[in-house]
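Please walk through this protein chain from its individual helices to its surface and its charged pairs.

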Amino acid sequence: MRDRFRDLEGPLAVRKKDVVLMATVSSFENLSHPTRSELRQFAELFMPLFQASSDEAKRQAVAALSQCENMPAAVALFIGNQPIEIAAPFLAASKAIADDTLITIARMQGAAHVKTIVSRDSLSPKVIDALVALRQSQPRPAAASAITELQTLPLSPAPAETNEADALQEQRVANEEALRERILGLAGHLGHKEDDRLGLRTLTDIQEALLVRFARSREATHFATALADALSASRWLAERIMLDLSGQQLATTLTSLGMGFLDAVFVLEKFYPHLAEQQHNVTRGWMVLDGLDPEECHERVDAWRRADRYTYKPEVANAPAPQETPNHRFIHQAPAQRDLRVLGRRSR
(Lines give C-alpha, C1' and ligand atoms only; values in the text may rest on other atoms or scores of the structure.)
Protein backbone atom coordinates (compact mmCIF):
# COMPACT_ATOMS: atom_id res chain seq x y z
CA MET A 1 0.00 0.00 0.00
CA ARG A 2 2.77 2.45 0.97
CA ASP A 3 4.77 1.71 -2.19
CA ARG A 4 1.67 2.07 -4.32
CA PHE A 5 0.89 5.52 -2.92
CA ARG A 6 4.52 6.62 -3.24
CA ASP A 7 4.55 5.64 -6.91
CA LEU A 8 1.69 8.07 -7.44
CA GLU A 9 3.39 11.00 -5.71
CA GLY A 10 6.25 11.22 -8.23
CA PRO A 11 4.28 12.06 -11.41
CA LEU A 12 2.36 14.89 -9.71
CA ALA A 13 4.58 17.42 -11.47
CA VAL A 14 3.69 16.11 -14.94
CA ARG A 15 0.29 14.52 -14.58
CA LYS A 16 -2.92 16.33 -14.04
CA LYS A 17 -4.26 16.48 -10.52
CA ASP A 18 -7.48 14.83 -11.62
CA VAL A 19 -5.70 11.72 -12.92
CA VAL A 20 -3.70 11.36 -9.72
CA LEU A 21 -6.79 11.79 -7.58
CA MET A 22 -8.73 9.10 -9.42
CA ALA A 23 -5.72 6.77 -9.38
CA THR A 24 -5.42 7.23 -5.62
CA VAL A 25 -9.11 6.53 -5.13
CA SER A 26 -8.90 3.47 -7.39
CA SER A 27 -5.95 2.12 -5.41
CA PHE A 28 -7.87 2.57 -2.17
CA GLU A 29 -10.96 0.85 -3.61
CA ASN A 30 -8.89 -2.26 -4.37
CA LEU A 31 -8.07 -2.68 -0.67
CA SER A 32 -10.74 -4.97 0.73
CA HIS A 33 -9.55 -4.73 4.34
CA PRO A 34 -7.21 -1.72 4.72
CA THR A 35 -5.06 -1.58 7.81
CA ARG A 36 -4.82 1.42 10.13
CA SER A 37 -1.59 2.46 8.50
CA GLU A 38 -3.13 2.31 5.02
CA LEU A 39 -6.15 4.32 6.15
CA ARG A 40 -3.89 6.98 7.61
CA GLN A 41 -1.77 7.14 4.45
CA PHE A 42 -4.85 7.46 2.26
CA ALA A 43 -6.19 10.32 4.38
CA GLU A 44 -2.85 12.15 4.15
CA LEU A 45 -2.76 11.82 0.35
CA PHE A 46 -6.43 12.23 -0.48
CA MET A 47 -7.25 15.61 1.06
CA PRO A 48 -4.54 17.71 -0.66
CA LEU A 49 -5.21 16.00 -3.99
CA PHE A 50 -8.94 16.51 -3.63
CA GLN A 51 -8.60 20.23 -2.94
CA ALA A 52 -6.34 20.71 -5.98
CA SER A 53 -8.61 18.82 -8.41
CA SER A 54 -11.47 20.03 -10.59
CA ASP A 55 -15.11 19.83 -9.52
CA GLU A 56 -15.82 17.04 -12.01
CA ALA A 57 -12.97 14.95 -10.62
CA LYS A 58 -14.19 15.63 -7.10
CA ARG A 59 -17.68 14.39 -7.96
CA GLN A 60 -16.31 11.23 -9.55
CA ALA A 61 -14.03 10.54 -6.60
CA VAL A 62 -16.84 11.04 -4.08
CA ALA A 63 -19.20 8.81 -6.07
CA ALA A 64 -16.57 6.05 -6.10
CA LEU A 65 -15.78 6.39 -2.38
CA SER A 66 -19.47 6.25 -1.47
CA GLN A 67 -19.36 2.53 -2.31
CA CYS A 68 -16.44 1.77 0.03
CA GLU A 69 -17.27 0.04 3.30
CA ASN A 70 -14.15 1.32 5.09
CA MET A 71 -13.19 4.97 5.31
CA PRO A 72 -10.99 7.09 7.57
CA ALA A 73 -13.22 9.14 9.86
CA ALA A 74 -11.37 12.33 8.92
CA VAL A 75 -11.98 11.71 5.21
CA ALA A 76 -15.67 10.99 5.79
CA LEU A 77 -16.08 14.24 7.72
CA PHE A 78 -14.06 16.13 5.08
CA ILE A 79 -16.25 14.85 2.21
CA GLY A 80 -19.50 15.37 4.11
CA ASN A 81 -18.70 19.04 4.62
CA GLN A 82 -18.14 19.67 0.91
CA PRO A 83 -20.82 21.58 -1.08
CA ILE A 84 -23.98 19.52 -1.43
CA GLU A 85 -23.58 19.04 -5.20
CA ILE A 86 -20.36 17.14 -4.43
CA ALA A 87 -21.18 15.52 -1.08
CA ALA A 88 -24.73 14.36 -1.91
CA PRO A 89 -23.98 10.79 -3.15
CA PHE A 90 -21.62 10.17 -0.25
CA LEU A 91 -24.08 11.39 2.41
CA ALA A 92 -26.96 9.44 0.88
CA ALA A 93 -25.29 6.08 0.25
CA SER A 94 -22.02 5.62 2.14
CA LYS A 95 -22.03 2.95 4.83
CA ALA A 96 -18.67 4.08 6.15
CA ILE A 97 -19.97 7.22 7.90
CA ALA A 98 -20.32 6.90 11.66
CA ASP A 99 -23.41 8.22 13.43
CA ASP A 100 -21.41 10.90 15.23
CA THR A 101 -20.00 12.08 11.90
CA LEU A 102 -23.49 12.35 10.39
CA ILE A 103 -24.70 14.34 13.39
CA THR A 104 -21.69 16.66 13.20
CA ILE A 105 -22.28 17.31 9.49
CA ALA A 106 -25.98 17.98 10.07
CA ARG A 107 -25.16 20.55 12.75
CA MET A 108 -22.39 22.25 10.76
CA GLN A 109 -24.09 22.43 7.35
CA GLY A 110 -27.42 23.70 6.07
CA ALA A 111 -30.80 22.20 5.29
CA ALA A 112 -29.65 20.68 1.98
CA HIS A 113 -27.13 18.43 3.74
CA VAL A 114 -29.70 17.44 6.37
CA LYS A 115 -32.32 16.52 3.75
CA THR A 116 -29.74 14.35 2.00
CA ILE A 117 -28.92 12.59 5.27
CA VAL A 118 -32.63 12.00 5.89
CA SER A 119 -32.88 10.29 2.48
CA ARG A 120 -30.50 7.50 3.56
CA ASP A 121 -31.92 3.97 3.49
CA SER A 122 -31.40 3.49 7.21
CA LEU A 123 -30.85 5.84 10.13
CA SER A 124 -30.03 4.83 13.68
CA PRO A 125 -32.25 6.02 16.55
CA LYS A 126 -29.33 8.20 17.72
CA VAL A 127 -29.21 10.06 14.40
CA ILE A 128 -33.00 10.32 14.22
CA ASP A 129 -33.19 11.86 17.69
CA ALA A 130 -30.46 14.35 16.78
CA LEU A 131 -32.22 15.36 13.56
CA VAL A 132 -35.57 15.76 15.30
CA ALA A 133 -33.99 17.98 17.94
CA LEU A 134 -32.11 20.01 15.35
CA ARG A 135 -33.77 23.34 14.67
CA GLN A 136 -32.73 25.93 12.13
CA SER A 137 -34.06 29.45 11.99
CA GLN A 138 -35.85 30.18 8.76
CA PRO A 139 -35.51 33.62 7.18
CA ARG A 140 -38.70 35.48 6.39
CA PRO A 141 -37.90 37.45 3.24
CA ALA A 142 -41.38 38.92 2.84
CA ALA A 143 -41.41 40.50 6.28
CA ALA A 144 -37.78 41.62 6.04
CA SER A 145 -38.28 43.26 2.66
CA ALA A 146 -41.43 44.97 3.88
CA ILE A 147 -39.62 46.41 6.88
CA THR A 148 -36.75 47.54 4.66
CA GLU A 149 -39.11 49.26 2.25
CA LEU A 150 -40.93 50.98 5.08
CA GLN A 151 -37.65 52.23 6.50
CA THR A 152 -36.62 53.67 3.15
CA LEU A 153 -39.86 55.55 2.62
CA PRO A 154 -39.70 59.31 3.22
CA LEU A 155 -41.27 60.13 6.55
CA SER A 156 -41.19 63.85 5.96
CA PRO A 157 -41.37 65.98 2.83
CA ALA A 158 -38.16 67.00 1.14
CA PRO A 159 -37.26 70.56 1.88
CA ALA A 160 -38.62 72.70 -0.92
CA GLU A 161 -36.59 75.60 -2.12
CA THR A 162 -39.53 77.96 -2.24
CA ASN A 163 -40.96 80.53 0.07
CA GLU A 164 -44.58 79.85 -0.79
CA ALA A 165 -46.48 78.25 2.10
CA ASP A 166 -49.05 76.70 -0.22
CA ALA A 167 -46.41 74.80 -2.16
CA LEU A 168 -44.98 73.37 1.06
CA GLN A 169 -48.41 72.30 2.27
CA GLU A 170 -49.23 70.58 -1.01
CA GLN A 171 -45.92 68.76 -0.99
CA ARG A 172 -46.51 67.58 2.59
CA VAL A 173 -50.00 66.32 1.82
CA ALA A 174 -48.78 64.52 -1.30
CA ASN A 175 -45.98 62.79 0.62
CA GLU A 176 -48.31 61.73 3.42
CA GLU A 177 -50.81 60.33 0.93
CA ALA A 178 -48.10 58.44 -0.95
CA LEU A 179 -46.79 57.01 2.31
CA ARG A 180 -50.29 55.96 3.39
CA GLU A 181 -50.97 54.18 0.11
CA ARG A 182 -47.61 52.48 0.23
CA ILE A 183 -48.20 51.18 3.76
CA LEU A 184 -51.67 49.94 2.85
CA GLY A 185 -50.27 48.18 -0.19
CA LEU A 186 -47.56 46.47 1.83
CA ALA A 187 -50.04 45.47 4.52
CA GLY A 188 -52.35 43.96 1.94
CA HIS A 189 -49.45 42.14 0.34
CA LEU A 190 -48.37 40.61 3.62
CA GLY A 191 -51.89 39.80 4.72
CA HIS A 192 -53.05 37.97 1.60
CA LYS A 193 -49.98 36.19 0.33
CA GLU A 194 -50.69 32.48 0.55
CA ASP A 195 -47.17 31.33 1.39
CA ASP A 196 -46.61 33.98 4.07
CA ARG A 197 -46.73 32.37 7.52
CA LEU A 198 -45.43 35.22 9.62
CA GLY A 199 -46.32 34.52 13.25
CA LEU A 200 -47.57 30.97 12.55
CA ARG A 201 -45.99 27.72 13.69
CA THR A 202 -44.31 26.35 10.57
CA LEU A 203 -42.42 23.16 9.77
CA THR A 204 -38.73 23.57 9.11
CA ASP A 205 -37.21 21.84 6.09
CA ILE A 206 -35.68 19.26 8.42
CA GLN A 207 -38.93 18.49 10.19
CA GLU A 208 -40.86 18.19 6.92
CA ALA A 209 -38.23 15.87 5.44
CA LEU A 210 -38.34 13.67 8.56
CA LEU A 211 -42.12 13.43 8.52
CA VAL A 212 -42.16 12.44 4.85
CA ARG A 213 -39.41 9.88 5.42
CA PHE A 214 -41.17 8.24 8.37
CA ALA A 215 -44.44 8.18 6.44
CA ARG A 216 -42.71 6.52 3.46
CA SER A 217 -41.45 3.70 5.68
CA ARG A 218 -44.64 3.74 7.82
CA GLU A 219 -42.67 4.26 11.04
CA ALA A 220 -45.55 5.55 13.13
CA THR A 221 -43.50 5.75 16.33
CA HIS A 222 -40.82 7.99 14.84
CA PHE A 223 -43.46 9.99 12.98
CA ALA A 224 -45.30 10.72 16.25
CA THR A 225 -42.03 11.86 17.84
CA ALA A 226 -41.28 14.23 14.95
CA LEU A 227 -44.87 15.53 14.91
CA ALA A 228 -44.79 16.25 18.65
CA ASP A 229 -41.53 18.13 18.16
CA ALA A 230 -43.04 20.20 15.33
CA LEU A 231 -46.06 21.05 17.49
CA SER A 232 -43.96 21.66 20.64
CA ALA A 233 -46.50 19.44 22.34
CA SER A 234 -46.58 16.12 24.15
CA ARG A 235 -46.20 12.75 22.47
CA TRP A 236 -49.69 11.96 23.73
CA LEU A 237 -51.23 14.69 21.55
CA ALA A 238 -49.37 13.51 18.44
CA GLU A 239 -50.51 9.93 18.97
CA ARG A 240 -54.09 11.04 19.56
CA ILE A 241 -54.05 12.97 16.27
CA MET A 242 -52.77 9.91 14.41
CA LEU A 243 -55.38 7.62 16.01
CA ASP A 244 -58.13 9.42 14.09
CA LEU A 245 -58.56 6.77 11.38
CA SER A 246 -60.39 9.17 9.10
CA GLY A 247 -57.15 11.12 8.68
CA GLN A 248 -59.02 14.37 9.22
CA GLN A 249 -57.09 15.40 12.33
CA LEU A 250 -53.70 14.66 10.79
CA ALA A 251 -54.71 16.54 7.63
CA THR A 252 -55.76 19.51 9.79
CA THR A 253 -52.44 19.42 11.64
CA LEU A 254 -50.30 19.20 8.50
CA THR A 255 -52.23 22.06 6.92
CA SER A 256 -51.76 24.20 10.02
CA LEU A 257 -48.02 23.48 10.09
CA GLY A 258 -47.65 24.53 6.45
CA MET A 259 -46.53 21.22 4.93
CA GLY A 260 -46.50 21.21 1.12
CA PHE A 261 -49.77 20.02 -0.37
CA LEU A 262 -48.32 17.07 -2.31
CA ASP A 263 -46.21 15.96 0.66
CA ALA A 264 -49.28 16.11 2.92
CA VAL A 265 -51.26 13.99 0.45
CA PHE A 266 -48.42 11.47 0.38
CA VAL A 267 -48.30 11.26 4.21
CA LEU A 268 -52.06 10.74 4.51
CA GLU A 269 -52.14 8.03 1.87
CA LYS A 270 -49.27 6.15 3.52
CA PHE A 271 -50.80 6.06 7.01
CA TYR A 272 -54.45 5.75 5.91
CA PRO A 273 -54.60 3.47 2.82
CA HIS A 274 -58.31 4.13 2.27
CA LEU A 275 -57.42 7.75 1.45
CA ALA A 276 -55.41 6.52 -1.55
CA GLU A 277 -58.58 5.41 -3.34
CA GLN A 278 -59.36 7.32 -6.52
CA GLN A 279 -62.40 9.58 -6.66
CA HIS A 280 -63.06 11.93 -9.58
CA ASN A 281 -59.50 11.52 -10.94
CA VAL A 282 -57.93 12.39 -7.55
CA THR A 283 -57.45 10.47 -4.33
CA ARG A 284 -59.62 10.82 -1.25
CA GLY A 285 -56.64 12.21 0.63
CA TRP A 286 -56.34 14.97 -1.98
CA MET A 287 -60.02 15.83 -1.52
CA VAL A 288 -59.71 15.87 2.29
CA LEU A 289 -56.83 18.35 2.19
CA ASP A 290 -58.38 20.45 -0.57
CA GLY A 291 -61.54 20.93 1.51
CA LEU A 292 -59.74 22.34 4.57
CA ASP A 293 -59.62 26.03 5.43
CA PRO A 294 -56.16 27.05 6.70
CA GLU A 295 -57.52 29.58 9.19
CA GLU A 296 -59.82 27.00 10.77
CA CYS A 297 -56.94 24.52 10.90
CA HIS A 298 -54.78 27.06 12.78
CA GLU A 299 -57.56 27.64 15.32
CA ARG A 300 -58.18 23.93 15.90
CA VAL A 301 -54.53 23.04 16.32
CA ASP A 302 -54.01 25.96 18.69
CA ALA A 303 -56.96 24.73 20.75
CA TRP A 304 -55.49 21.21 20.85
CA ARG A 305 -52.12 22.54 21.96
CA ARG A 306 -53.68 24.67 24.71
CA ALA A 307 -55.63 21.69 26.01
CA ASP A 308 -52.48 19.59 25.86
CA ARG A 309 -50.60 22.09 28.03
CA TYR A 310 -53.40 22.04 30.60
CA THR A 311 -53.77 18.25 30.77
CA TYR A 312 -50.28 16.95 30.17
CA LYS A 313 -47.93 18.17 32.90
CA PRO A 314 -45.00 15.76 33.27
CA GLU A 315 -43.23 18.16 35.59
CA VAL A 316 -45.73 17.30 38.39
CA ALA A 317 -44.10 13.89 38.75
CA ASN A 318 -40.79 15.54 39.52
CA ALA A 319 -42.20 17.88 42.19
CA PRO A 320 -40.81 17.26 45.68
CA ALA A 321 -43.13 15.54 48.12
CA PRO A 322 -44.57 17.82 50.82
CA GLN A 323 -42.74 17.61 54.10
CA GLU A 324 -44.81 16.25 56.98
CA THR A 325 -42.28 16.80 59.76
CA PRO A 326 -44.30 19.43 61.71
CA ASN A 327 -47.53 17.38 61.69
CA HIS A 328 -45.59 14.25 62.51
CA ARG A 329 -44.10 15.94 65.58
CA PHE A 330 -47.46 17.21 66.90
CA ILE A 331 -49.21 13.90 66.35
CA HIS A 332 -46.70 12.09 68.52
CA GLN A 333 -46.54 14.70 71.27
CA ALA A 334 -50.24 14.63 72.23
CA PRO A 335 -50.63 10.86 72.63
CA ALA A 336 -47.43 10.80 74.72
CA GLN A 337 -48.92 13.22 77.31
CA ARG A 338 -52.18 11.24 77.54
CA ASP A 339 -50.26 8.03 78.08
CA LEU A 340 -48.37 9.59 81.00
CA ARG A 341 -51.62 10.69 82.70
CA VAL A 342 -53.14 7.25 82.30
CA LEU A 343 -50.07 5.63 83.76
CA GLY A 344 -50.23 8.04 86.79
CA ARG A 345 -53.84 7.16 87.58
CA ARG A 346 -53.16 3.45 87.35
CA SER A 347 -50.22 3.75 89.76
CA ARG A 348 -52.46 5.29 92.41
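Helix H3 covers residues 36–52, and its 17 residues should span 24 Å at 1.5 Å a residue; the C-alpha atoms at its ends lie 25 Å apart, which agrees. This is a predicted model, and the values in this text are computed from it. Although the end-to-end distance of H3 agrees with the expected span, the helix has a kink of about 25° at Phe-46, shortly before the proline Pro-48. Phe-46 is also one of the buried residues of H3. The others in that group are Glu-38, Leu-39, Gln-41, Phe-42, Ala-43, Leu-45, Leu-49 and Phe-50.

H3 belongs to a chain with 19 helices and two strands. The chain has 348 residues, of which 36% count as buried. Among its contacts with a separation of 6 or more, 69% are between residues 24 or more positions apart. The exposed area of the chain is about 21400 Å², and carbon and sulfur atoms supply 52% of that area.

Helix H12, residues 205–216, can be checked in the way used for H3. Its twelve residues should span 16 Å at 1.5 Å a residue, and the end C-alpha atoms are 16 Å apart, in agreement. Is H12 largely enclosed by the rest of the structure, or largely open? Ten of its twelve residues are buried, so H12 is largely enclosed. The buried residues are Ile-206, Gln-207, Glu-208, Ala-209, Leu-210, Leu-211, Val-212, Arg-213, Phe-214 and Ala-215. The charged residues Glu-208 and Arg-213 are therefore within the buried set, each with a relative accessible area under 20%. The cover over the buried residues of H12 includes helix H8 (111–118), helix H9 (125–133), helix H13 (220–231) and H16. After H12 comes Arg-218, which has a positive phi, near 55°.

Two of the covering helices can be followed further. In H8, one residue to look at is His-113. His-113 has a relative accessible area of 6%, and because buried means under 20%, the residue counts as buried. Which residues is His-113 in contact with, leaving aside its neighbours within four places in sequence? They are Gly-80, Gln-82, Pro-83, Ile-84, Leu-91 and Ile-105. Ala-92 lies 21 residues from His-113 in sequence, with a C-alpha to C-alpha distance of 9.4 Å.

H16 leads to the surface. A nonpolar patch is formed there by Phe-261, Leu-262, Trp-286 and Met-287, which together have about 380 Å² of accessible area. Helix H16 (261–271) and helix H17 (284–290) are the elements that give two or more residues to this patch. Phe-261 is in H16, and its relative accessibility of 33% makes it partly exposed. H16 thus appears both in the cover over the buried residues of H12 and among the elements that supply the nonpolar patch.

The charged pairs come last. The structure holds four salt bridges, and three of them are described here, beginning with a pair in helix H4. The side chains of Arg-59 and Glu-56 meet at 3.2 Å, N to O. Both residues lie in H4 (residues 55–65), three residues apart, or about one turn of the helix. Arg-59 is partly exposed, at 34% relative accessible area, and Glu-56 is partly exposed as well, at 43%.

A second pair lies in helix H14 (residues 235–242), where Glu-239 and Arg-235 are four residues apart, again about one turn of the helix. Their side chains form a salt bridge at 3.1 Å, N to O. Glu-239 has a relative accessible area of 35% and counts as partly exposed, while Arg-235, at 32%, is also partly exposed.

Another salt bridge joins the side chains of Arg-284 and Glu-277, at 3.6 Å, N to O. Are these two residues buried or partly exposed? Arg-284 is partly exposed at 29% relative accessibility, and Glu-277 is partly exposed at 41%.

Terms used. Residues numbered from 1 in each chain as written. Predicted model: local features only at pLDDT ≥ 70, side-chain atom pairs only at ≥ 80, totals over all residues. Heavy atoms only, no water. Expected span 1.5 Å × (residues − 1). Bend = angle between axes of the 7 residues up to and from the residue. Buried < 20%, exposed > 50% of the residue type's maximum accessible area, 1.4 Å probe, protein only. Contact = heavy atoms within 4.5 Å. Areas by Shrake-Rupley, 256 points an atom, 1.4 Å probe, with all protein chains shown as cover. Patch = residues over 30% accessible without salt bridge, like charges linked within 9 Å, V, L, I, M, F, W, Y side chains within 5 Å.
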